[in-house]
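Please work through the following exercises with the sequence and the structure open beside you. Try each task before you read its solution.

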Amino acid sequence: MTYQESLTALADPTRRAVFEALAAAPSPVGALAAGLPVSRPAVSQHLKVLSDAGLVEARAEGTRRIYAVRPAGLAELRAWLDGYWSDVLAGLAAEIEQGKEKRNG
Amino acid sequence: MVEPVVKTLELACDAAHAFEVFTTRTATWWPLDSHTVSAGADKVARGVTIEPRLGGAVYETTHDGARSDWGEVLAFEPGVRLAMSWHPGSDPGTATRVEVVFTDLPGAGARVVLTHSGWEVWAEQAAELRGNYEVGWGAVFADRYAGACA
């Protein structure tokens, strides 16, 4: 999951509504769009972003694609956030350590 | 579900110094090539700035000199606490919250605790509708000790 994928997946309120609708029940695109104040192409685009971020997945059912929440997705997103802040704080620690060495040396 | 991320760090300097480095020298330690909006475009950001006051802007100076807003300072207590709304790459309406608390340790050194929250409200709704997710925390703490204090 890239930085942008993780953040943009969560950032849009309509996208969240799509995610919550799928959490209630797996659904094809048309049914999702019918229940939301957005167009079908917009819903498809939101599903693509959610899918790229690992939050939803699709299965084929005959000629239809049924989308559903991917259960591991939120756990993976949280793990990504966890690692993100580990990296940021490691940078802070390194900077403070280097500052100490300069003052001691 | 996306519960708040909590990271704890112990440093050999005092809380006031840690707060100062965090807020006034952000660009000297933030990973500009990997944890920025610029990095999302495979570029290196020029800087990260936290304006040192309540209501101050938090922003990235991108690889081409433009400004990318990340959030706003919600609490600014020197040597004690920094809190920010957090929305890098998106708009303020979808911000989460990052809070950093600085505490002197008995004797010497300081503890820094960072909490990133705000995702959990909508994620919990989804989890309740869907059932519980199994989540292993496996949190990784950045846990460094520097040499002797200056």
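The exercises below concern a predicted model, and each task is followed by a solution in steps.

**Exercise 1. The sheet of chain A**

Task: Find the order of the strands in the open sheet of three strands in chain A, and work out which strands stand at the edges.

Solution: Begin with the order, which is 1-3-2 in chain A, with antiparallel pairing. Strand 1 (27-28) and strand 2 (56-61) of chain A each have a single partner strand, so they stand at the edges and one side of each is left without a neighbour in the sheet. Next, follow the pairing of strand 2 of chain A with strand 3 (residues 64-69) of chain A, where six bridges join the two antiparallel strands. Within this pairing, Ala60(A) has Arg65(A) in strand 3 of chain A as its bridge partner. Finally, look for the helix that packs on this sheet: helix 2 (residues 13-24) of chain A touches strand 1, strand 2 and strand 3 of chain A, and its direction makes about 95° with that of strand 3 of chain A.

**Exercise 2. The sheet of chain B**

Task: Describe the open sheet of seven strands in chain B, and state which strands helix 1 of chain B touches.

Solution: Read the order as 1-7-6-5-4-3-2 in chain B, again with antiparallel pairing. The edges are formed by strand 1 (5-11) and strand 2 of chain B, each of which pairs on one side only. From one strand to the next, the twist averages 20°. Strand 2 of chain B is paired with strand 3 (residues 57-61) of chain B over four bridges in the antiparallel sense, and here Val48(B) has Glu60(B) in strand 3 as its bridge partner. Helix 1 of chain B packs on the sheet and touches strand 1, strand 2, strand 4 (67-77), strand 5, strand 6 and strand 7 (110-117) of chain B, while its direction makes about 150° with that of strand 6 of chain B.

**Exercise 3. A helix and its surroundings**

Task: Explain why helix 1 (residues 15-24) of chain B is described as largely enclosed by the rest of the structure.

Solution: Recall that a residue is buried when its relative accessible area is under 20%. Applying this cut-off to helix 1 of chain B, we find Ala15(B), His17(B), Ala18(B), Phe19(B), Val21(B), Phe22(B) and Thr23(B) buried. Seven of the 10 residues of helix 1 of chain B are therefore buried, and so this helix is largely enclosed.

**Exercise 4. Two loop residues**

Task: Decide whether Asp42(B) is buried or exposed, and do likewise for His87(B).

Solution: Asp42(B) is found in the loop between helix 3 (37-40) and strand 2 (47-50) of chain B. With a relative accessible area of 73%, Asp42(B) is exposed; it also has a positive phi of about 60°, although it is not a glycine. His87(B) lies in the loop between strand 5 (81-86) and strand 6 (96-104) of chain B. Its relative accessible area is 7%, and His87(B) is therefore buried. Beyond its neighbours within four places in sequence, His87(B) is in contact with Asp69(B), Trp70(B), Gly71(B), Pro92(B) and Ala95(B).

**Exercise 5. The largest cavity**

Task: Give the volume of the largest cavity, and describe its lining by class.

Solution: The count comes to one cavity of 30 Å³ or more, and about 70 Å³ of space lies in the largest cavity. Its lining includes Leu7(A), Leu10(A) and Ala11(A), together with residues of chain B, among them Trp86(B), His87(B) and Trp119(B). Helix 1 (residues 3-11) of chain A gives the largest share of this lining, three residues. By class, the lining has seven nonpolar, four polar and no charged residues.

Methods
Residues are numbered from 1 along each chain as its sequence is written. Chains are lettered from A and ligands numbered from 1 in the order in which they are written. This is a predicted model: local features need pLDDT of at least 70, side-chain atom pairs count only at pLDDT 80 or more; totals for chains, interfaces and linings use all residues. Side-chain values use heavy atoms; hydrogens and water are left out. Two strands pair if DSSP finds at least two bridges between them. Contact means heavy atoms within 4.5 Å. Axes are lines fitted to C-alpha atoms, for helices over the stretch in contact, and angles run from 0 to 180 degrees between N-to-C directions. On a 1 Å grid over the protein atoms alone, a cavity is a set of points where a 1.4 Å probe fits but cannot get out, and a pocket is an open set with protein on both sides within 12 Å along at least five of seven lines; lining residues have an atom within 4 Å of a point. Grid points are joined across faces, edges and corners, and a volume is the space filled by probe spheres set on the points. Ala, Val, Leu, Ile, Met, Phe, Trp, Tyr, Cys and Pro count as nonpolar, Asp, Glu, Lys and Arg as charged, and the others, Gly among them, as polar. Buried means under 20% relative accessible area, exposed over 50%, partly exposed in between (1.4 Å probe, protein chains only).
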